[in-house]
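Colleague: I have not seen this structure before. Could you take me through how its parts are to be read?

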Amino acid sequence: MSISVRFVHWWPGFEPESSFICALIESATNHKMDIVTDKRAKVDLEVHSVFTRPKSLTQRFRRYVRARQDWMESVAWRQSRDYGIETQGPAYRHIWYTGENLRPPSGWDVTLSFDTESFGGSNYYLPHWAIRTGALNGTREQDMMSVGINSYLTRRTVASFPPRFACVLASNPHPMREHIVQTMREVGPVDTFGRAYGRPIASKRDLLSQYRFCITPENDVYPGYVTEKPFEAWLTQTIPIWWGSDSHNFLNRPALLNVAASSLDEVKDVVASLDSYPAQWIEAASQPLLRKPYDYGALIDFVAARLR
């Protein structure tokens, strides 16, 4: 027996059959998925993400003209443009998921987001890093984070002191990132890479493993907003210099330096100390990144109960 599912507004290259959301739905419903692409067909379940913005100016203008027909349509257009909230299609149940720092909409059976609020019982906290561990849909060689949840909970062996001090890898020049870079340059040389600096790289793992510290802040400090950034840095056996809000206390504090939990000057002093004593740096870099596992069983139970 199968369940008919339609996917709407997911990221480019999204493959439903091998995705975390497919594994979650099949675990919660005890049914295999039958994927439907017809937007007019009524399905058992419609699953939305937030990639709703039209690509071309012509598409944007046409949507704007249609949205001006009355006030309610204008509100719907702005929600789609700014928050990735699209109109629900014909389905018995609707799920909305975001890996972005966006607030979940009301009126959905299930929302999965960074928000720690339950919003009346419809929302469940699902940080982006938790979908990348391979715990839901199996480990995948092409995803460096897909190493199993236990890898992040286990102390590891770090045998050597990397030759370079610190680096940053970024796609956009966020102001806080620049503040951290300038402050860390008071301790040692910080190398810059990525699209933001006009220096693309071939391998993130090969690059970061050469450095003792990696500057890896989130794009915003919001309760529960923890992405892949500290995880990817930690996997290369560098120490993440992070800026974020781990309100659920998943991250093991000795394994990384959180600017948002103290101050730039305090973090700078810790970095200078660790950099002066290789044995202390190795001890910090050997720490597990997570202090507790994400409860995937509770996530599955929540979705199952909401879809009944």
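Modeller: This is a predicted model. We can begin with a contact between two helices: Ser-273, Leu-274 and Ser-276 in helix 8 touch Pro-278, Gln-280, Trp-281 and Ala-284 in helix 9.

Colleague: How do the residues of the contact of helix 8 with helix 9 divide into nonpolar, polar and charged?

Modeller: Four are nonpolar, three are polar and none is charged.

Colleague: At what angle do helix 8 and helix 9 pack, and how far apart are their axes?

Modeller: The angle between helix 8 and helix 9, which covers residues 278-285, is about 115°, and their axes lie 5 Å apart. Helix 8 and helix 9 are therefore roughly perpendicular to each other.

Colleague: Which residues of helix 5 and helix 8 meet?

Modeller: From helix 5 come Met-176, His-179, Ile-180, Thr-183 and Met-184; from helix 8 come Leu-264, Val-267, Lys-268 and Val-271. By class, the contact of helix 5 with helix 8 holds six nonpolar residues, two polar ones and one charged.

Colleague: What is the angle between helix 5 and helix 8?

Modeller: Helix 5 packs at about 45° to helix 8 (residues 264-276), and the axes are 10 Å apart. That angle makes helix 5 oblique to helix 8. The crossing of the pair, helix 5 and helix 8, is right-handed.

Colleague: Now the sheets. What holds the strands of a sheet together?

Modeller: Strands of a sheet pair through backbone hydrogen bonds, in either the parallel or the antiparallel sense. Here, one open sheet has five strands in the order 8-7-9-10-11, and its pairing is parallel.

Colleague: Which strands are the edge strands of that sheet?

Modeller: Strand 8 and strand 11 (257-258) are the edge strands, each pairing on one side only. Helix 5 packs on this sheet, where it touches strand 7, strand 8, strand 9 and strand 10 (239-242). The direction of helix 5 makes about 150° with that of strand 9.

Colleague: How many bridges does strand 7 make with strand 9?

Modeller: Strand 7 (residues 164-169) pairs with strand 9 (residues 211-215) over four bridges, in the parallel sense. Strand 7 also pairs with strand 8 (residues 190-193), again parallel and over four bridges. Cys-167 can be followed to both neighbours: Cys-214 stands opposite in strand 9, and Asp-191 is the bridge partner in strand 8.

Colleague: What unit do strand 7, helix 5 and strand 8 make?

Modeller: They make a right-handed β-α-β unit, with helix 5 spanning residues 175-184.

Colleague: What is the strand order in the sheet of six strands?

Modeller: That open sheet runs 2-1-3-4-5-6, with parallel pairing. Strand 2 (32-35) and strand 6 (123-125) stand at its edges with a single partner strand each, so one side of each has no neighbour in the sheet. From one strand to the next, the twist averages 30°.

Colleague: How do strand 1 and strand 2 pair?

Modeller: Strand 1 (residues 2-8) and strand 2 are parallel, and four bridges join them. One residue pair to look for is Ser-4 with its bridge partner in strand 2, Asp-34.

Colleague: Which strands does helix 1 lie across?

Modeller: Helix 1 (residues 20-29) lies across strand 1, strand 2, strand 3 (43-48), strand 4 (91-97) and strand 5 (110-113), at about 125° to strand 2. Helix 10 (residues 296-307) lies across strand 3, strand 4, strand 5 and strand 6, at about 155° to strand 5.

Colleague: At what angle do the axes of helix 1 and helix 10 cross?

Modeller: They cross at roughly 65° and come within 8 Å. Helix 1 and helix 10 are therefore roughly perpendicular to each other, and helix 1 passes helix 10 in a right-handed crossing. In their contact, Leu-24, Ser-27, Ala-28 and Thr-29 of helix 1 meet Leu-299, Ile-300, Val-303, Ala-304 and Leu-307 of helix 10. The contact of helix 1 with helix 10 has seven nonpolar and two polar residues, and no charged ones.

Colleague: Where does Glu-26 lie, and which residues does Glu-26 touch beyond those up to four places away in sequence?

Modeller: Glu-26 lies in helix 1. With residues up to four places away left out, Glu-26 touches His-31, Lys-32 and Met-33. The C-alpha atom of Glu-26 is separated by 23 Å from that of Gly-107, 81 residues apart along the chain.

How values were computed: Residues are numbered from 1 along each chain as its sequence is written. This is a predicted model: local features need pLDDT of at least 70, side-chain atom pairs count only at pLDDT 80 or more; totals for chains, interfaces and linings use all residues. Side-chain values use heavy atoms; hydrogens and water are left out. Two strands pair if DSSP finds at least two bridges between them. A crossover is right-handed if, with the strands pointing away from the viewer, the path from the first strand over the helix to the second runs clockwise. Axes are lines fitted to C-alpha atoms, for helices over the stretch in contact, and angles run from 0 to 180 degrees between N-to-C directions. Contact means heavy atoms within 4.5 Å. Angles under 35 degrees count as roughly parallel, over 145 as roughly antiparallel, 65 to 115 as roughly perpendicular and the rest as oblique. A crossing is left-handed if the near helix is turned anticlockwise from the far one by less than a right angle, and right-handed if clockwise. Ala, Val, Leu, Ile, Met, Phe, Trp, Tyr, Cys and Pro count as nonpolar, Asp, Glu, Lys and Arg as charged, and the others, Gly among them, as polar.
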